[in-house]
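Hi,

Here is the structure I promised to pass on. Have a look at it first, and then read my notes below.

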Amino acid sequence: MPRVAVTAEAAAVLRRLRASHGDLMFHQSGGCCDGSAPMCYPAGEFRTGESDVHLGDLAVEEFVVPVWMSAAQYEYWSHTHLTIDVVPGRGSGFSLEAPLGIRFLVRSRLLDAEEL
Amino acid sequence: MTKYAAPGQPGSVVTYRDRYDHFIGGEYVPPAKGEYFANPTPVTGEEFTEIARGTAEDVDRALDAAHGAARAWGRTSPAERANVLNKIADRVEANLEALAVAETWENGKAIRETLAADLPLAVDHFRYFAGVIRAQEGGISQIDEDLVAYHFQEPLGVVGQIIPWNFPLLMAVWKLAPALAAGNAVVLKPAEQTPASIHVLMELIADLLPPGVVNIVNGFGVEAGKPLASSRRVAKVAFTGETTTGRLIMQYASENIIPVTLELGGKSPNVFFSDVAAQRDAFYDKALEGFTMFALNQGEVCTCPSRALIQSSIYEEFLGDAVERTRAIKQGHPLDTETMIGAQASNDQLEKILSYIDIGKQEGARVLTGGERADLGGELSGGYYVTPTIFEGDNKMRIFQEEIFGPVVAVTSFSDYDDAMKTANDTLYGLGAGVWSRDGSVAYRAGRDIQAGRVWVNNYHAYPAHAAFGGYKQSGIGRENHRVMLDHYQQTKNLLVSYSPNALGFF
């Protein structure tokens with residue numbers, strides 16, 4: 001069962017970012033200030049490892065964007081489904097969308113019994 | 001009550017310029033690519049100035065200036081640097097009201113906090129490190145009769161600092177004061193949400209610093225922060241922010257083999273033992289205020305006491321009183337001195353808080369008060385306000401585990417001491433914690449058992465310069481404040497000197 005999804009608005013931003021930066025990835029951040037938010041990077045910019053979980057891939061027509069999270073954080077998130085959306089805003093660490101005046105945001109819902 | 005006029009309005013104590021360039025080599029320099037971005041105030045959502053949109057070229061120019069200044073600055077006497085820091089402190093203190101209004105307009109926080117906390121703490125921070133550097137001593141170790149080890153502290157050189165938006169001035173000062181005291185030159189990137197107030201400060205103190213010792217490059221993380229954090233020309237990176245960017249900065253630092261200090265947030269437990277309610281006295285009142293500290297700075301504090309753990313025997317009555325105390329928080333215009341809670345710092349921060357309130361409700365947590373965006377009417381309707389929110393639920397819920405960075409506290413109960421420690425430590429983070437008890441030994445043991453870098457006992461949210469601050473677990477690496485912070489901005493030089501005239505006899 002897919003654990004991640006993307007809204008049409010966020011997918012449109014991903015297409016735009018891919019045109020200028022190439023393949024992309026997400027890593028969900030924890031912690032303060034700009035944290036608790038999905039960070040979008042050029043694929044491979046952020047090195048994932050044994051301490052990360054691959055939540056799934058966002059299918060944006062002709063390409064996919066993998067979504068990662070630290071395994072420790074995943075223990076507390078595993079019962080929820082995440083949809084990556086976008087809102088007007090500013091500032092998101094080194095995430096690629098910030099200069100566009102927008103910011104990716106995670107919207108969550110509980111996974112139902114069949115999805116778990 | 002006083003309501004300060006907004007910056008630039010008739011009667012205001014401060015005026016922002018229409019535009020700010022980078023501050024490089026002691027002067028204002030336009031961005032290489034000529035682009036600027038608009039800066040809104042979270043108080044009303046209106047734009048009030050525009051800011052240079054920095055890129056790698058600007059960061060390089062700032063690094064050139066910093067390297068040009070670092071050697072001479074690093075060779076000044078501790079007394080000379082301490083004098084500069086003391087003069088900066090005096091200048092900030094003399095302009096405290098103007099800086100407080102500028103900071104409130106920039107960040108949205110209530111003016112009573114900038115007047116009573118952010119700026120006075122900034123002043124004291126400069127004075128503290130002015131004192132500490134004068135008192136610092138190296139070491140002499142007698143290895144044997146003729147061999148002596150001398151230990152000197154030397155500056156690192158040029159350091160990069162990336163500042164968060166929750167205390168734009170104070171967090172910049174936390175990083176600047178020890179770096180400058182230790183003799184480093186700095187390239188600093190403010191948060192793009194709060195890029196302007198630092199320039200009000202810089203304009204006040206620029207004449208006190210040799211050109212190039214402090215350089216400010218504004219811009220977005222990916223365009224200006226990344227070139228700074230990944231530069232081969234910085235000897236250290238200091239960052240306050242969140243975990244993913246913290247890891248990325250460590251990755252860049254690993255390529256250059258340089259140290260980092262990271263402060264990455266928390267989910268701080270505030271633990272109330274049953275004896276807190278033994279009497280209805282001043283201490284009980286103080287404990288209730290301690291609970292309500294989750295609303296300080298709109299909850300936008302890395303150490304926000306965002307999990308309240310209350311012993312079950314007093315749970316109902318204490319929580320009832322705490323809800324009442326929370327409902328008494330006055331939300332209003334941030335420039336009104338009566339206002340206790342102002343605006344969230346940005347629109348995306350507002351949206352994130354609301355998304356967490358949503359998942360909290362979905363997970364079955366109960367909203368005891370608040371739980372919604374506040375429309376304060378008039379010009380404030382365009383601002384970003386959230387009512388102080390108390391959730392009741394279970395520590396496994398996401399609102400108990402993730403930093404919301406808003407005025408939201410998640411409350412649960414515990415049965416006994418062991419249960420309290422288990423829940424308190426059931427978190428990825430370990431930055432702050434609070435312990436409330438009339439029993440000194442219980443408070444002491446809890447303070448030692450909670451895995452966090454700062455445990456407040458029978459108080460909360462105090463940040464004196466002379467107390468070390470930093471995280472256990474995923475809350476980061478290193479400490480800020482306190483003289484130990486100098487270690488993060490200095491190298492240790494060892495001269496191992498032989499006074500013997502004789503060969504060893506090996507060769």
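**The sheet in chain A**

Strand β6 of chain A, residues 80-88, pairs with β7(A) in the antiparallel sense, over 9 bridges. Keep in mind that this is a predicted model. At one point of that pairing, P88(A) sits opposite I102(A) in β7(A).

The sheet they belong to is an open one of 3 strands, in the order β1-β6-β7 (chain A), and its pairing is mixed. Why do β1 and β7 of chain A each have one side without a neighbour in the sheet? Both stand at the edges: β1 (4-6) and β7 (102-110) each have a single partner strand, so one side of each is left free of a neighbour there. From one strand to the next, the twist averages 25°.

Two helices pack on this sheet. Helix α1 of chain A (residues 8-21) touches β1, β6 and β7 of chain A, and its direction makes about 70° with that of β6(A). Helix α11 comes from chain B (residues 347-362); it touches β6 and β7 of chain A, and its direction makes about 5° with that of β7(A).

**An annotated residue in chain B**

Over in chain B, the UniProt annotation "active site", from an unreviewed entry, covers E263(B). You'll find E263(B) in strand β12 of chain B, which spans residues 260-263. Is E263(B) buried or exposed? It counts as buried, because it has 31 C-beta neighbours inside 10 Å, and 20 are enough for that label. Leaving aside residues up to four places away in sequence, E263(B) touches T240(B), C302(B), G470(B), G471(B), G476(B) and E480(B).

Cheers

Conventions: Residues are numbered from 1 along each chain as its sequence is written. Chains are lettered from A and ligands numbered from 1 in the order in which they are written. This is a predicted model: local features need pLDDT of at least 70, side-chain atom pairs count only at pLDDT 80 or more; totals for chains, interfaces and linings use all residues. UniProt positions are given in the numbering used here, feature names are shortened, and annotations may be inferred rather than shown by experiment. Helices (H or I, at least four residues) and strands (E, at least two) are DSSP runs, numbered from the N terminus. A residue is buried if 20 or more other C-beta atoms lie within 10 Å of its own, exposed if 12 or fewer, and partly exposed in between; C-beta atoms are placed from the backbone. Two residues are in contact if their C-beta atoms, placed from the backbone, lie within 7 Å. Two strands pair if DSSP finds at least two bridges between them. Axes are lines fitted to C-alpha atoms, for helices over the stretch in contact, and angles run from 0 to 180 degrees between N-to-C directions.
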